Amino acid sequence: MTGHGGREREWVREAMTMALYISLSLLAVLVALPADRASTGTAAAVTIVATALGLALAHHVAFRLSSRLVDKGLVTAESLHLLGAQMVGAGSVAVVAALPPLLVGGETGRVLSEVLLLVFIAGVGYRAARQSFGPGRSILYVGGLVVMVGIVVAVKGAVGH
């Protein structure tokens with residue numbers, strides 16, 4: 001990477017990648033969440049946070065191992081900087097997704113979390129598409145993205161998270 005701008009850009013990309021990954025995973029968890037686990041807002045929020053934490057920790061271990069592999073056994077300052085970005089992305093999504101069940105509770109809170117996660121994914125997709133396409137084509141892109149997200153969620157839900 002060259003210069004401070006390149007490092008900042010990489011940080012944002014890593015944070016967004018992790019936020020999107022956690023969003024997709026949490027959508028699958030919420031869709032597959034048994035009704036009794038969603039009946040109380042606290043139980044659903046704990047499931048959301050625990051899932052996000054587990055995924056983030058697994059990614060943390062994998063990233064540290066791959067960083068050591070690439071950097072001859074070292075975990076460099078650059079790797080730690082990127083790992084921090086990934087944890088910010090994961091944590092942000094976990095907090096936002098856990099709030100509706102805590103504040104609203106029950107099935108409504110769970111559905112609101114699902115909608116928030118989907119809106120985040122679609123919003124990022126639209127912003128990314130607008131870099132290359134006009135508004136109409138970007139909306140079509142987001143429509144296709146939402147269909148793909150639905151497929152991913154269905155597959156992940158079918159295999160039990």
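**Exercise 1. Helix 4 and its end**

Task: Compare the span of helix 4 with the span expected at 1.5 Å a residue, and find which residue just after helix 4 takes a positive phi.

Solution:
- Start with the count. Helix 4 has 27 residues.
- Take the ends next. In this predicted model, helix 4 reaches 39 Å from its first C-alpha to its last.
- Now compare. That is close to the 39 Å expected at 1.5 Å a residue.
- Step past the end of the helix. Glycine 105, just after helix 4, has a positive phi of about 85°.

**Exercise 2. Helix 3 and its end**

Task: Work out whether the span of helix 3 agrees or disagrees with 1.5 Å a residue, then list buried residues in helix 3.

Solution:
- Helix 3 has 30 residues, so at 1.5 Å a residue it should span 44 Å.
- Its end C-alpha atoms lie 43 Å apart, which agrees.
- Look for burial, meaning under 20% relative accessible area. Gly41, Ala43, Ala44, Ala45 and Thr47 are among the buried residues of helix 3.
- Continue along the helix. Ile48, Ala52, Ala56, Phe63 and Ser67 are also buried.
- Check what follows the helix. Lysine 72, just after helix 3, takes a positive phi of about 55°.

**Exercise 3. How helices 3 and 4 pack**

Task: Describe the packing of helix 3 against helix 4 by distance and angle, and say what kinds of residue make the contact.

Solution:
- Two packed helices are described by the angle between their axes and the distance between the axes.
- Helix 3 covers residues 41-70, and helix 4 covers residues 77-103.
- Their axes come within 9 Å. They cross at roughly 170°.
- Angles over 145 degrees count as roughly antiparallel. Helix 3 is therefore roughly antiparallel to helix 4.
- Sort the residues of this contact. There are 17 nonpolar, 7 polar and 1 charged.

**Exercise 4. The largest nonpolar core**

Task: Find which residues touch the most other members of the largest nonpolar core, and which helix supplies the largest share.

Solution:
- The largest nonpolar core has 21 residues.
- Ile22, Leu26, Leu27, Ile48, Val93 and Leu117 touch the most other members.
- Trace the sources. Helix 1 (3-32), helix 3, helix 4, helix 5 (106-130) and helix 6 (135-158) each give at least two residues to this core.
- Helix 1 gives the largest share, 6 residues.
- Take leucine 27 as a case. Setting aside residues up to four places away in sequence, leucine 27 touches Glu114, Leu117, Leu118, Ile121, Val149 and Val153.

**Exercise 5. Two residues of helix 1**

Task: Decide whether serine 23 and alanine 32 are buried or partly exposed.

Solution:
- Both places are in helix 1: serine 23 and alanine 32.
- Serine 23 has 0% relative accessibility, so it counts as buried.
- Beyond its neighbours within four places in sequence, serine 23 contacts Val93, Leu117, Phe120 and Ile121.
- Alanine 32 has 28% relative accessibility, so it counts as partly exposed.
- Add a distance. The C-alpha atoms of alanine 32 and tyrosine 141 are 26 Å apart, with their positions 109 residues apart along the chain.

**Exercise 6. Helix 5 and the loop beyond**

Task: Compare helix 5 with its expected span, then place tyrosine 126 and phenylalanine 133.

Solution:
- Helix 5 has 25 residues and reaches 36 Å between its first and last C-alpha. That is close to the expected 36 Å.
- Its buried residues include Gly106, Arg110, Glu114, Leu117 and Ile121.
- Tyrosine 126 sits in helix 5. Its relative accessible area is 30%, so it is partly exposed.
- Leaving out neighbours within four places in sequence, tyrosine 126 contacts Pro135, Ser138, Ile139 and Val142.
- Phenylalanine 133 lies in the loop between helix 5 and helix 6. At 26% relative accessible area, it is partly exposed.
- The C-alpha atoms of phenylalanine 133 and valine 104 are 38 Å apart, though 29 residues separate them along the chain.

**Exercise 7. The whole chain**

Task: Count the helices and strands, and find what share of residues is buried.

Solution:
- The protein chain has 6 helices and 0 strands. Its pattern along the sequence is α-α-α-α-α-α.
- Of its 161 residues, 33% count as buried.
- Turn to contacts with a separation of 6 or more. Residues 24 or more positions apart account for 68% of them.
- Finish with the outline. The C-alpha atoms fill a box of roughly 50 × 40 × 30 Å along the principal axes.

Notes
Residues numbered from 1 in each chain as written. Predicted model: local features only at pLDDT ≥ 70, side-chain atom pairs only at ≥ 80, totals over all residues. Heavy atoms only, no water. Axes fitted to C-alpha atoms, helices over the stretch in contact; angles between N-to-C directions. Helix = DSSP H or I, 4+ residues; strand = E, 2+ residues; numbered from the N terminus. Parallel < 35°, antiparallel > 145°, perpendicular 65-115°, else oblique. Nonpolar A, V, L, I, M, F, W, Y, C, P; charged D, E, K, R; others polar. Expected span 1.5 Å × (residues − 1). Core = buried A, V, L, I, M, F, W, Y, C linked by side-chain atoms within 4.5 Å. Buried < 20%, exposed > 50% of the residue type's maximum accessible area, 1.4 Å probe, protein only. Contact = heavy atoms within 4.5 Å.
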